[in-house]
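Work through the exercises below with the model open. Each task is followed by a solution in steps.

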Amino acid sequence: MIVTFVHIWVKKDRINDFIEASIKNHSQSVKETGNLRFDILKDANDPEKFTFYEAYTSEEAAAMHKNTDHYKIWRDAVADWMTKPREGVKNFILYPIDKKEW
């Protein structure tokens with residue numbers, strides 16, 4: 001199982017648009033085969049910074065996310081709204097291992 005923290009910095013005047021587009025992406029991402037979680041977080045100290053917590057059962061399932069229509073729509077919509085390229089940091093889930101605990 002794998003988790004990716006995706007750090008995203010958004011232009012002030014596009015924050016509401018970014019949130020709306022990201023919620024649409026989330027609503028479909030959680031339905032993907034192999035998805036465990038897809039959380040959208042807003043930094044408590046920096047209103048322009050967001051983090052996505054994307055948990056999947058495998059690296060293959062995480063990679064498939066980037067081939068979905070909803071991801072491509074989100075990616076293209078938000079591209080010009082960021083102040084710098086997003087950063088993805090992969091992590092392996094050590095615990096809980098049992099998917100029933102998610």
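**Exercise 1. Pairing of E1 and E4**

Task: Find in which sense strand E1 and strand E4 pair, and over how many bridges.

Solution.
- Locate E1 at residues 2–9 in this predicted model. Strand E4 covers residues 87–92.
- Read the direction: E1 and E4 pair in the antiparallel sense.
- Count the bridges: there are six.
- Check one position. Valine 3 stands opposite asparagine 91 in E4.
- Check a second position. Phenylalanine 5 has valine 89 as its bridge partner in E4.

**Exercise 2. The pairings of E3**

Task: Determine how E3 pairs with E1 and with E2.

Solution.
- Start with E1. E1 and E3 run antiparallel and share eight bridges.
- Take tryptophan 9: its bridge partner in E3 is lysine 49.
- Take phenylalanine 5 again: its bridge partner in E3 is tyrosine 53. In E4, phenylalanine 5 is bridged to valine 89.
- Turn to E2. E2 and E3 also pair in the antiparallel sense, over seven bridges.
- Take isoleucine 40: in E3, phenylalanine 52 is its bridge partner.
- Trace the connection. A hairpin of six residues joins E2 to E3.

**Exercise 3. Cover of the strands**

Task: Decide for E1, E3 and E4 how many residues are buried.

Solution.
- Apply the cut-off: a residue is buried under 20% relative accessible area.
- For E3, eight of the eight residues are buried, so the strand is largely enclosed by the rest of the structure.
- Split E3 by face. Lys49, Thr51, Tyr53 and Ala55 are buried on one side. Phe50, Phe52, Glu54 and Tyr56 are buried on the other.
- For E1, seven of the eight residues are buried, so this strand too is largely enclosed.
- For E4, the count of buried residues among its six is zero. E4 is hardly covered.

**Exercise 4. Two residues of E1**

Task: Classify histidine 7 and threonine 4 as buried or exposed, and list their contacts.

Solution.
- Place both residues. Histidine 7 lies in E1, and so does threonine 4.
- Histidine 7 has a relative accessible area of 18%, so it counts as buried.
- Threonine 4 has a value of 13%, so it is buried as well.
- Leave out neighbours within four places in sequence. Histidine 7 then contacts Lys49, Phe50, Thr51, Arg86, Glu87 and Val89.
- With the same exclusion, threonine 4 contacts Phe52, Tyr53, Glu54, Gly88, Val89 and Lys90.
- Look for a polar contact. The side chains of histidine 7 and threonine 51 are joined by one of 3.2 Å.
- Add a long separation. The C-alpha atoms of threonine 4 and asparagine 45 are 21 Å apart, with their positions 41 residues apart along the chain.

**Exercise 5. Salt bridges**

Task: How many salt bridges does a search of the whole structure find? Analyse three of them, starting with glutamate 48 and lysine 12.

Solution.
- Recall the principle: side chains of opposite charge can pair when their charged atoms come close.
- The search finds six salt bridges.
- Glutamate 48 and lysine 12 meet at 3.9 Å, N to O. Glutamate 48 is in the loop between E2 (35–42) and E3 (49–56), and lysine 12 is in the loop between E1 and helix H1 (15–29), so the pair ties together parts 36 residues apart in sequence. Lysine 12 is exposed at 64% relative accessibility.
- Lysine 24 and glutamate 20 pair with their closest N and O atoms 3.7 Å apart. Both lie in H1, four residues apart, about one turn of the helix. Lysine 24 is exposed at 53%, whereas glutamate 20 is partly exposed at 48%.
- Arginine 37 and aspartate 39 pair with their closest N and O atoms 2.9 Å apart. Arginine 37 is partly exposed at 36%.

**Exercise 6. A surface patch**

Task: Which residues form a nonpolar patch on the surface, and what is their accessible area together?

Solution.
- Identify the members: Leu94, Tyr95 and Ile97.
- Take their accessible area together: about 420 Å².
- Place leucine 94: it lies in the segment after E4.
- Classify leucine 94. Exposed means over 50% relative accessible area. Leucine 94 has 72%, so it counts as exposed.

How values were computed. Residues are numbered from 1 along each chain as its sequence is written. This is a predicted model: local features need pLDDT of at least 70, side-chain atom pairs count only at pLDDT 80 or more; totals for chains, interfaces and linings use all residues. Side-chain values use heavy atoms; hydrogens and water are left out. Buried means under 20% relative accessible area, exposed over 50%, partly exposed in between (1.4 Å probe, protein chains only). Helices (H or I, at least four residues) and strands (E, at least two) are DSSP runs, numbered from the N terminus. Two strands pair if DSSP finds at least two bridges between them. Patches are made of residues with over 30% relative accessible area and no salt bridge: like charges are joined within 9 Å, nonpolar side chains (Val, Leu, Ile, Met, Phe, Trp, Tyr) within 5 Å. Accessible areas come from the Shrake-Rupley method with a 1.4 Å probe; for residues, only the protein chains shown count as cover. A salt bridge is a side-chain nitrogen of Lys or Arg within 4 Å of a carboxyl oxygen of Asp or Glu. A polar contact is a pair of N or O atoms within 3.5 Å; within protein, one must be able to donate a hydrogen and the other to accept it, and residues adjacent in sequence count only if both atoms are side-chain atoms. Contact means heavy atoms within 4.5 Å.
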